[in-house]
Amino acid sequence: NVPEISVQNCDVLVIGGGPAGSTAAALLARKGHKVVLLEKDEHPRFHIGESLLPCNLPLLEDLGVLEQVKAMGVHKPGAEFVVETGEGRQAFPFRHAIGARHGHAYQVLRADFDELLFRNAAKKGATTFENTKVTQVEFKGNAPTLVTAQDKDGKEHRFSARFILDASGRDGFLAARKHRRNADKNNSTAAIFGHFRNVPRRDAGMEGYISIHLVQEGWFWMIPLPDGLMSVGFVGDKSAYRQHKGPVADLFWKKVKESPCVAERMANAELLSPLSTTGNYSYRADKAWGDGYYMIGDAYAFLDPVFSSGVLLAMKSAYRGAEVAEAWLRSPQAGREAAQKAEAQTCKEMKRISWLIYRINNPILRKLFMRPRNILRMRDAIISLLAGDFEAGWKVGFPVAAFKAVFGISLLKR
Ligand code: FAD
């Protein structure tokens, strides 16, 4: 006799308990909806992406976790860009006047940060499961009917949900099954990274800065973390990997040696566990939604992490995803309209941040970016965008667009 598997009913089922999924689950649960949040791993678990932006802070405040993030994080007053090809270094401190309400951010161990958000969703009333991987979603008509998940002992769990938010990150559960994921061929990069000890922070007054070193065939990040740790990663473009033979760890150390400022800080670095790798090329699914579901965070799209925008974009899309879910619970038509609007908004933001990514990755255009003076208010625009204020950053950057229109400089296109 096969025992009957019971089916749990809920309004919204969220696939994945990273920043996007936990945020959406918390928002919906606090409004009284019946929410199930399924995470395939167990918190705390390692995740890359430790540098937050000032615009994350109002969202964390709204979720009721800002004080805990402040206690667990390293205060981040700004970002520093170092061009290791002779163009110098440029620091961008965040300011109150332009950009975010908060003139700083935090850098966190994602294991702790993600666990905090996940437990917060449970505190707000979501039913959470860890070690529980979604394996199948069945749709009937315009709604999901049955979600099957498996726990680490192989036991099946079944849920009946009225709406699904896919927050499965780079796994892209629904994107893989119902959509096409378009990779950005212009940004085909991969990262090699790890946590280190004995890597000095920047000079006094700049200890909390994230350093981005723009080097041949890619860039390094150096993110100061709690307990004296430093997250260091190399993001290399295709040519760096194509030309390299042998283990990828060797490529990491080769690139460290080739980059004098990085090499100086890494002289006594002690790696705490083997280096990890990930292909981090930018991608976007052809659509963010369909009847009965909406994709949020990396499950929908991912951008080059050079401006530390991933967690912010994930959380912002989670706010929108929660609105879409609520609208769908009112009526499918309201849900479709909300989904269309939310997708357009997310695409607009991603376009704006890509605008800057293309400029910093282009050796000619980044000369403008690295100018110390506020030519064409570029510096103001950059600070706003670096703070995660995509609206203000874009408006301040308007003179650049005018410059392009007047002089027809095609280099400023894209
Ligand atoms: P995730 O954080 O990946 O969470 C998805 C969750 O879903 C995971 O916990 C996963 O286990 C779970 N899951 C997947 N499939 C299933 C399933 N079938 N069933 C149940 N659960 C499932 N962002 C920043 O803001 N700052 C940075 O400095 C930064 N640096 C980065 C460096 C690199 C090299 C990379 C690759 C990314 C970086 N990012 C950074 C981006 C950032 O890490 C992501 O954008 C962010 O984690 C997205 O959050 P998410 O919730 O969408 O996805």
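Colleague: Where does aspartate 227 lie?
Modeller: Aspartate 227 is in the loop between E14 and strand E15 (230–237). Helices and strands here are DSSP runs numbered from the N terminus, with H or I and at least four residues for a helix, and E and at least two residues for a strand. Before you go on, this is a predicted model: local features need pLDDT of at least 70, side-chain atom pairs count only at pLDDT 80 or more, and totals for chains, interfaces and linings use all residues. Residues are numbered from 1 along each chain as its sequence is written, and side-chain values use heavy atoms, with hydrogens and water left out.

Colleague: OK. What is phi for aspartate 227?
Modeller: Positive, about 60 degrees, and aspartate 227 isn't a glycine. Most residues other than glycine have a negative phi.

Colleague: And is aspartate 227 buried or exposed?
Modeller: Aspartate 227 counts as exposed because its relative accessibility is 61%. The classes are buried under 20% relative accessible area, exposed over 50% and partly exposed in between, with a 1.4 Å probe and protein chains only.

Colleague: Which residue other than glycine has a phi near 50 degrees?
Modeller: Serine 308 has that positive value. Serine 308 sits in the loop between strand E21 (301–302) and H9. With a relative accessibility of 12%, serine 308 is classed as buried.

Colleague: How far is a backbone N or O atom of serine 308 from an oxygen atom of the ligand?
Modeller: 3.3 Å, which makes it a polar contact. The cut-off for that term is a pair of N or O atoms within 3.5 Å; within protein, one must be able to donate a hydrogen and the other to accept it, and residues adjacent in sequence count only if both atoms are side-chain atoms. Valine 311 has a polar backbone atom 2.8 Å from a ligand oxygen. For glutamate 39, an N or O atom of the side chain is 2.7 Å from an oxygen atom of the ligand.

Colleague: How much of the ligand does the protein bury?
Modeller: 96% of the 1000 Å² that the ligand exposes when taken alone. Those areas come from the Shrake-Rupley method with a 1.4 Å probe; for residues, only the protein chains shown count as cover.

Colleague: Which residues come nearest to the ligand?
Modeller: Glu39, His47, Ser51, Arg110 and Val311, out of 38 residues around the ligand. A residue is counted there if one of its heavy atoms lies within 4 Å of the molecule.

Colleague: What's the shell like by class?
Modeller: The shell has 15 nonpolar, 14 polar and 9 charged residues. Nonpolar covers Ala, Val, Leu, Ile, Met, Phe, Trp, Tyr, Cys and Pro, charged covers Asp, Glu, Lys and Arg, and the others, Gly among them, are polar. Elements that each supply at least two shell residues include helix H1 (19–30) and helix H9 (310–330).

Colleague: Why does the ligand lie between the domains?
Modeller: Because domain 1 (7–73 + 108–182 + 282–351) and domain 2 (189–279) both give residues to the shell around the ligand. The domain bounds come from an automatic or database domain assignment.

Colleague: Changing topic: what joins histidine 43 and proline 44?
Modeller: A cis peptide bond, with omega about 0 degrees. Most peptide bonds are trans. Proline 44 is in the loop between strand E2 (35–38) and H2.

Colleague: Which residues is asparagine 56 in contact with, neighbours within four places aside?
Modeller: Val311, Leu312 and Met315, where contact means heavy atoms within 4.5 Å. Asparagine 56 itself is in helix H2 (residues 56–63), and it is buried, at 0% relative accessible area.

Colleague: What about threonine 132?
Modeller: Beyond its neighbours within four places in sequence, threonine 132 touches several residues, among them Glu39, Gln150 and His157. Threonine 132 is part of strand E8 and is buried at 3% relative accessibility.

Colleague: And where is glutamine 150?
Modeller: In strand E9 (residues 143–151). Glutamine 150 is partly exposed, at 34% relative accessibility.

Colleague: Last one: how many helices and strands does the chain have?
Modeller: 14 helices and 21 strands. Of the chain's 414 residues, 55% count as buried.
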